[in-house]
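Please open the structure in your viewer and keep the sequence panel beside it. We will take a friendly walk from one selection to the next.

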Amino acid sequence: MSFKKILDHDRVRKIEGSFSWIDHRFITGGFLQELSTTEILLYFFLVAVSDRHGISFYHDDRICSILKVPLTSLGEAREGLILRSLIAYESPLYQVLSLPPDPVSPPTREKIRQKQRERNLYHIRKIQETLQ
């Protein structure tokens with residue numbers, strides 16, 4: 001039977017200044033399983049730099065530099081985390097959200113295209129109404 005013990009008493013972590021945490025359910029509740037490596041990296045980074053409300057304001061170029069990822073990869077990772085309801089984003093603000101009750105699957109590409117078509121049709125109808 002294994003048990004926990006402190007391995008280095010001189011280096012026990014202490015809360016000094018700011019503090020961040022990752023909800024244990026992120027790992028045990030299945031949230032981590034479907035994420036890409038870049039999505040995981042971005043999520044952990046945002047958790048580490050956010051305040052007690054989950055807010056951080058690093059600009060994309062700085063995040064890319066720190067994480068060593070291209071801007072396109074950052075955008076894809078951010079979109080994946082948003083679609084999974086893990087973060088909110090309004091440039092330059094990020095907010096790490098409380099975990100939903102269960103992991104959220106992002107919509108399929110077909111569902112995304114369908115929503116875009118519906119949105120486009122809505123706007124076309126609005127324009128047509130104003131022209132009549």
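The tour begins with the whole chain and then visits single residues.

**Before you start**

This is a predicted model, in which local features need pLDDT of at least 70 and side-chain atom pairs count only at pLDDT 80 or more, while totals for chains, interfaces and linings use all residues. Residues are numbered from 1 along each chain as its sequence is written, and side-chain values use heavy atoms, with hydrogens and water left out.

**Stop 1: the whole chain**

Show the protein as a cartoon and colour it by secondary structure. You should find five helices and three strands, following the pattern α-α-β-α-α-β-β-α along the sequence. Helices here are DSSP runs of H or I with at least four residues, strands are runs of E with at least two, and both are numbered from the N terminus.

Now turn the model around. Along the principal axes, the C-alpha atoms fill a box of roughly 75 × 35 × 25 Å. The radius of gyration is 20 Å, whereas a compact globule of 132 residues would have one near 14 Å. That radius is taken over C-alpha atoms, and the globule rule is 2.2 Å times the number of residues to the power 0.38.

Switch on the surface next. About 10,600 Å² is exposed, and carbon and sulfur atoms supply 54% of it; the areas come from the Shrake-Rupley method with a 1.4 Å probe, and for residues only the protein chains shown count as cover. Of the 132 residues, 23% count as buried. Buried means under 20% relative accessible area, exposed means over 50%, and partly exposed lies in between (1.4 Å probe, protein chains only).

**Stop 2: the nonpolar core**

Which residues touch the most other members of the largest nonpolar core? Select Leu42, Tyr43 and Leu86: they do so in a core of 20 residues. A nonpolar core is a set of buried Ala, Val, Leu, Ile, Met, Phe, Trp, Tyr and Cys residues joined through side-chain atoms within 4.5 Å. At least two residues of this core come from each of helix H2 (37-49), helix H3 (60-67), helix H4 (71-83) and strand S3 (93-96). H2 gives the most, with five residues.

Zoom in on Leu42. Leaving out residues up to four places away in sequence, Leu42 touches Ile63, Leu67, Leu74, Ala77, Arg78 and Leu81; contact means heavy atoms within 4.5 Å.

**Stop 3: Arg78**

Follow that list to Arg78, which sits in helix H4. Is Arg78 buried or exposed? Arg78 is buried, with a relative accessible area of 13%. Beyond its neighbours within four places in sequence, Arg78 is in contact with Leu42, Asp60, Ile87, Tyr89 and Tyr94. Try the distance tool on Arg78 and Ser36: they are 42 residues apart in sequence and 11 Å apart in space, C-alpha to C-alpha.

**Stop 4: backbone features in the loops**

Most residues other than glycine have a negative phi, and most peptide bonds are trans. With that in mind, select Lys68 in the loop between H3 and H4. Lys68 has a positive phi of about 60° although it is not a glycine, and at 72% relative accessibility it counts as exposed.

Move on to Ser85, in the loop between H4 and S2. Ser85 also is not a glycine and has a positive phi of about 60°, but at 30% relative accessibility it counts as partly exposed.

Then go to Pro92, in the loop between strand S2 (87-90) and S3. Here the peptide bond from Ser91 to Pro92 is cis, with omega near 0°.

**Stop 5: Gly30 and Lys126**

Pick Gly30 in the loop between helix H1 (25-28) and H2. Gly30 is buried, with a relative accessible area of 15%. Setting aside residues up to four places away in sequence, Gly30 touches Arg25 and Pro103. From Gly30 to Pro70 the C-alpha distance is 27 Å, with their positions 40 residues apart in sequence.

Finish at Lys126 in helix H5 (residues 109-131). Lys126 counts as partly exposed at 40% relative accessibility. Its C-alpha atom and that of Asp51, 75 residues apart along the chain, are separated by 42 Å.
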